[in-house]
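Me: Hey, can you walk me through this protein? I'd like to begin with the aromatic rings.

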Amino acid sequence: QHDSTVSSVSVRFEGELNYMQLKMWIRQLMRTKASDLFRYKGVLAVKGSAMKYVFQGVHMLFSGDLEPSFNWKDDEVRECRFVFIGRNLDKEALKLGIMECKVESLRFQVGDCVQANIGQHWMDGQVIKTWDEGYPYLIDLDIEPETSACTSWGWAPMDTDVFVRARKCACPSSSASHDITSSETTA
């Protein structure tokens with residue numbers, strides 16, 4: 001007997017996804033819809049990673065991550081493909097959820113001064129790389145030398161004001177700071 005509440009949805013598009021947004025969306029999906037998801041699987045392109053994000057699951061049993069054994073070839077089109085089979089699927093919500101993870105233009109460029117949310121407070125820093133390890137920004141944080149911090153950099157997982165925001169500053173470019181240093185030493 002056919003159950004009319006069971007259906008499937010599949011999506012395929014060229015483009016890349018934000019790794020952290022993708023992980024957050026999947027976590028939310030597992031918390032709210034896992035009992036209705038009979039089977040799901042996909043291969044996704046993550047911006048800033050040569051590895052394919054491969055996932056599959058049944059109900060709440062989810063397995064997925066960037067797979068070192070599955071890399072995108074240089075001439076291969078970076079695309080995202082997934083399928084969900086389940087009961088009472090909201091097809092449009094599933095499509096919208098994955099499309100909200102799609103990479104758009106970044107607000108900041110290498111060299112821009114920003115503030116990074118490091119959990120308890122905001123810290124000043126400068127963008128030193130974009131799309132590093134699947135994260136939109138790698139930020140060199142302005143850490144005081146006397147602190148016991150292990151690192152002076154951090155990733156901003158998403159390009160939103162929740163994680164990274166603009167700040168006004170006089171961050172010299174690397175060539176400008178070199179010019180200042182040379183003129184100071186010759187004066």
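Reply: Sure, a definition to begin with: rings of Phe, Tyr and Trp (its six-membered ring) pair if their centres lie within 6.5 Å, and planes under 30 degrees apart count as stacked, over 60 as edge-to-face and the rest as tilted. This is a predicted model, where local features need pLDDT of at least 70 and side-chain atom pairs count only at pLDDT 80 or more, while totals for chains, interfaces and linings use all residues. Residues are numbered from 1 along each chain as its sequence is written, and side-chain values use heavy atoms, with hydrogens and water left out.

Me: Ok, how many aromatic pairs does that rule give?

Reply: The count is 13 aromatic pairs. Take Tyr-40 and Phe-62: their ring centres are 6.4 Å apart and their planes are at 20°, so this pair is stacked. The pair links distant parts of the chain, with Tyr-40 in strand 2 and Phe-62 in strand 4 (residues 61-71), 22 residues apart. Strands here are DSSP runs (E, at least two residues), as are helices (H or I, at least four), and both are numbered from the N terminus.

Me: And is Tyr-40 buried or exposed?

Reply: Tyr-40 counts as buried, at 1% relative accessibility. Buried means under 20% relative accessible area, exposed over 50%, and partly exposed in between (1.4 Å probe, protein chains only). Phe-62 has 29%, so Phe-62 is partly exposed.

Me: What about the rings of Trp-153 and Trp-155?

Reply: Those two make an edge-to-face pair, because their centres are 5.2 Å apart and their planes are at 75°. Trp-153 is partly exposed at 40%, and Trp-155 is partly exposed at 37%. Both belong to one aromatic cluster, whose members also include Tyr-40, Phe-62 and Tyr-135.

Me: Which charged ends sit over a ring?

Reply: One is Lys-52, whose charged end sits over the ring of Trp-72, 4.6 Å from its centre. Another is Arg-165, with its charged end over the ring of Trp-122, 3.8 Å from the centre. The rule is that NZ of Lys or CZ of Arg is within 6 Å of the ring centre and within 35 degrees of the ring normal.

Me: New topic: what order do the strands take in the open sheet?

Reply: The order is 9-8-7-6-10, five strands with antiparallel pairing. Strand 9 (153-156) and strand 10 (164-166) stand at the edges with a single partner strand each, so one side of each has no neighbour in the sheet. From one strand to the next, the twist averages 45°; that uses axes fitted as lines to C-alpha atoms (for helices over the stretch in contact), with angles from 0 to 180 degrees between N-to-C directions.

Me: How many bridges do strand 6 and strand 7 have?

Reply: Strand 6 (residues 113-117) and strand 7 (residues 122-132) are antiparallel and share five bridges; two strands pair if DSSP finds at least two bridges between them. Val-114 stands opposite Gly-125 in strand 7, and Cys-113 is opposite Gln-126. The two strands form a hairpin with four residues between them, and Gly-119 in the turn has a positive phi of about 105°.

Me: And strand 8, what does it do with strand 7?

Reply: Strand 8 (residues 135-141) runs antiparallel to strand 7, joined by six bridges. Gly-125 has Leu-141 as its bridge partner in strand 8. This hairpin has two residues between the strands, and Glu-133 takes a positive phi near 55°.
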